[in-house]
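Please open the structure in a viewer and keep the selection tool at hand. The tour below proceeds one selection at a time.

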Amino acid sequence: MAERVLACAPCHGAQGEGTRDPYFPRLAGKPSGYLYNQLIAFRNGRRRYPPMNYLLAFLPPEYLKEMADYFASLNPPLPPPSVPAVAEDALNAGRTLVTQGDATRSIPACTSCHGPNLTGMEPGIPGLLGLRPNYISAQLGAWRYGTRTALSPDCMQVVAGHLTEADVTAIAAWLSSRPAPAERRSVPQGTYALPFACGSQPQ
Amino acid sequence: MTGLRHLALRVAGVIAATLLAGVAGAQTNGAPKPDAAILAKGEYLARAGDCIACHTAPEGRTFAGGRPMPTPFGTLFTSNITPDPETGIGRWTADQFYQMMHTGRSPDGGLLYPAMPFGSYTKVTRADSDAIYAFLMSVPAIRQPNRPHDLKFPYNNRQLILGWRTLFFREGEFKPDPSQSAEWNRGAYLVEGLGHCGMCHTPINALGGNTESQAFQGGLIPMQNWYAPSLTSNREAGVGDWTIEEISDLLRTGVSKRGAVYGPMAEVTYNSLQYLTAEDTRAMAVYLKSLGQETPPPAVSSVPGSESSLLLSLGKTVYDQHCAACHGAQGQGKPPHYPPLADNQSIQMSSAVNAIRMVLNGGYPPGTAGNPRPYGMPPFAQTLSDNEVAAVVTYIRTSWGNRGAAVAAAEANQLRSAPLD
């Protein structure tokens with residue numbers, strides 16, 4: 001399989017570990033269902049990034065599932081945490097939003113869906129570690145503006161809609177500064193209950 | 001799967017027929033219900049004509065139209081060809097459908113824009129047109145109004161199509177050539193008719209027309225910036241010296257011992273050709289092989305000699321580092337999954353557009369029944385500079401007996417912004 005997905009390597013790394021370019025995300029160890037949903041979304045043009053849309057346009061779903069399973073099965077080490085480029089209070093605000101949310105603004109804690117260790121849950125919820133701040137803020141921004149969407153109910157769109165730009169910067173800075181946890185893999189489906197329905201996660 | 005699918009089609013057909021009977025009254029009342037064999041034939045022919053590719057929008061309902069078609073004259077939106085009576089073709093009769101295929105006029109007499117390949121479909125027989133009609137009438141009706149075209153002045157004036165038709169449209173069903181075999185004629189019928197291969201593989205002039213005298217001579221596809229190689233020149237995609245099996249494999253599975261399909265051709269194999277029978281792709285191969293002709297000598301490089309030799313040494317370095325592992329130190333490839341680059345016509349064509357784009361964008365051949373898990377080429381746009389791209393493409397085009405011309409860094413740079421969809 002490694003040879004069949006060589007086309008992914010220049011941007012995502014041979015092991016799906018990511019590359020120096022901060023906008024190309026790590027794929028390794030993310031839940032297969034999440035990766036598959038993204039591959040289908042790129043293939044169908046729902047998620048827009050022309051080089052990805054082009055590569056996947058004529059690949060059958062069964063094959064994309066195989067690719068998703070393959071990258072989900074890899075477990076290369078996480079990169080060293082980013083050195084935060086924001087002030088101490090922004091970093092603290094980021095930590096609060098990620099671990100506790102802000103009930104007064106209807107913002108749930110990231111950990112309530114992405115897991116106490118932020119490693120995600122099978123099959124559809126991705127881990128949030130090992131990503132660079134630019135990538136995280138670009139994706140949250142895309143959700144806020146509706147250019148990235150997921151299967152309905154699109155909980156991420158609702159959540160991101162409550163975030164300000166300062167929130168996004170703070171969250172991206174704190175998440176990317178986290179060290180690797182002892183167990184990098186996503187937890188099995190049903191390990192914890194989600195606070196609300198999510199179109200990407202069968203419940 | 002086919003059993004269930006056909007059952008679903010039959011049921012949908014009954015529903016559509018009932019709807020039609022209610023709306024269109026006398027037109028369909030009492031018309032005999034098409035039998036399963038006709039529907040299956042119609043479905044097959046609709047595949048051969050690749051109706052689905054244009055008449056289905058991304059993530060849209062099948063055959064409900066709405067796919068944007070960018071052209072140099074503005075954007076066209078494809079039409080709903082489901083049997084919905086209000087927004088689709090549910091009120092059309094088989095006569096009107098044939099009329100549209102054959103003459104490029106809709107039932108109200110309106111002229112179709114030639115993005116609809118009626119210049120090719122005019123060759124389709126009445127019986128085949130009727131089968132496609134019966135099949136389309138049997139698919140689920142989708143209520144989805146057609147989106148108005150967005151054409152620039154003066155192209156938004158449909159009367160201009162009259163002029164285009166006078167210049168470029170020749171009406172008439174396919175006439176078999178009695179001096180050729182039945183297989184050759186079947187291939188010619190599919191290539192020139194439903195396959196509408198000439199839409200891309202015949203040069204398109206500034207008026208957006210194909211000229212018959214230049215049939216299948218190749219050309220740059222407007223808006224897409226892919227070069228559709230000549231099917232007549234053995235130096236391009238002319239397959240005069242390929243075996244029938246190699247041609248048929250390429251069409252039907254997307255890969256062959258001689259090369260793989262890529263760019264817009266991947267879509268054709270994915271949506272259409274992989275569904276054809278081996279007999280039909282073989283017939284197309286027989287016809288295509290007969291088109292291959294001896295051709296003029298190769299193009300001469302526009303890059304000065306001294307610059308060329310620098311390009312070549314850089315090119316070899318890049319090749320050995322990034323390409324040789326799959327395509328072989330001598331460009332021999334590992335067919336069918338890693339195409340050979342030595343003696344590969346699509347590398348040596350006078351237009352270097354496709355070779356440059358493959359290096360920049362990479363690509364997967366289509367996943368087909370015959371090749372469901374294709375190997376892919378990595379994109380190098382992020383890793384290689386314009387100079388390196390030009391160097392490696394020049395090296396590939398001039399090594400191992402290849403006789404293509406050198407390319408300049410500016411050409412690579414230009415193609416970085418070529419559209420990917």
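Accessible areas are obtained by the Shrake-Rupley method with a 1.4 Å probe. The model on display is a predicted one.

**Chain A as a whole**

Begin by selecting chain A and showing its surface, which exposes about 9,200 Å². Carbon and sulfur atoms supply 59% of that area. Switch next to a cartoon: chain A comprises 9 helices and 0 strands, so that reading from the N terminus gives the order α-α-α-α-α-α-α-α-α. Of the 203 residues in this chain, 50% are buried. Considering the contacts in chain A with a separation of 6 or more, 68% are accounted for by residues 24 or more positions apart.

**Thr111(A)**

Now select Thr111(A), which is found in helix 6 (residues 111–114) of chain A. Is Thr111(A) buried or exposed? Its relative accessible area is 15%, and Thr111(A) therefore counts as buried, the limit being under 20%. Display its surroundings as well: leaving aside residues up to four places away in sequence, Thr111(A) touches Val98(A), Thr99(A), Pro116(A) and Leu118(A).

**Helices 7 and 9 of chain A**

Proceed to helix 7 (residues 133–144) and helix 9 (residues 165–176) of chain A, whose axes come within 8 Å and cross at roughly 145°. The crossing of helix 7 and helix 9 of chain A is right-handed. To view the contact, show the side chains of Pro133(A), Ile136(A), Ser137(A), Leu140(A) and Arg144(A) on helix 7 of chain A. From helix 9 of chain A, add Glu165(A), Val168(A), Ile171(A), Ala172(A), Leu175(A) and Ser176(A). Coloured by type, the residues of this contact between helix 7 and helix 9 of chain A divide into 7 nonpolar, 2 polar and 2 charged.

**Chain B as a whole**

Turn to chain B, which contains 18 helices and 5 strands. Of its 421 residues, 52% count as buried. The accessible surface of chain B comes to about 19,200 Å², with 58% belonging to carbon and sulfur atoms. Where contacts in chain B link residues at least 6 apart in sequence, 65% join residues at least 24 apart.

**Asp84(B)**

Select Asp84(B) in the loop between strand 2 (74–77) and helix 4 of chain B. Asp84(B) has a relative accessible area of 5% and is therefore buried. Which residues does Asp84(B) touch, not counting residues up to four places away in sequence? They are Ile89(B), Gly90(B), Ala141(B), Ile142(B) and Arg143(B).

**Helices 4 and 6 of chain B**

Follow the chain to helix 4 (residues 94–103) of chain B, which packs with helix 6 (residues 126–138) of chain B at an angle of about 120°, their axes being 9 Å apart. Helix 4 of chain B passes helix 6 of chain B in a right-handed crossing. Here Ala94(B), Asp95(B), Phe97(B), Tyr98(B) and Met101(B) of helix 4 meet residues of helix 6 of chain B, including Arg126(B), Tyr133(B) and Leu136(B). The residues of this contact divide into 7 nonpolar, 1 polar and 3 charged.

**Helix 12 of chain B**

Finally, select residues 278–291, the 14 residues of helix 12 of chain B. At 1.5 Å a residue this helix should span 20 Å, and its end C-alpha atoms are 20 Å apart, which agrees. Among the buried residues of helix 12 of chain B are Asp280(B), Met284(B), Tyr287(B) and Leu291(B). To see what covers the buried residues of this helix, add elements including helix 2 (36–48), helix 8 (182–192) and helix 10 (244–253) of chain B.

Conventions. Residues are numbered from 1 along each chain as its sequence is written. Chains are lettered from A and ligands numbered from 1 in the order in which they are written. This is a predicted model: local features need pLDDT of at least 70, side-chain atom pairs count only at pLDDT 80 or more; totals for chains, interfaces and linings use all residues. Side-chain values use heavy atoms; hydrogens and water are left out. Helices (H or I, at least four residues) and strands (E, at least two) are DSSP runs, numbered from the N terminus. The expected span of a helix is 1.5 Å times one less than its number of residues. Buried means under 20% relative accessible area, exposed over 50%, partly exposed in between (1.4 Å probe, protein chains only). Contact means heavy atoms within 4.5 Å. Axes are lines fitted to C-alpha atoms, for helices over the stretch in contact, and angles run from 0 to 180 degrees between N-to-C directions. A crossing is left-handed if the near helix is turned anticlockwise from the far one by less than a right angle, and right-handed if clockwise. Ala, Val, Leu, Ile, Met, Phe, Trp, Tyr, Cys and Pro count as nonpolar, Asp, Glu, Lys and Arg as charged, and the others, Gly among them, as polar.
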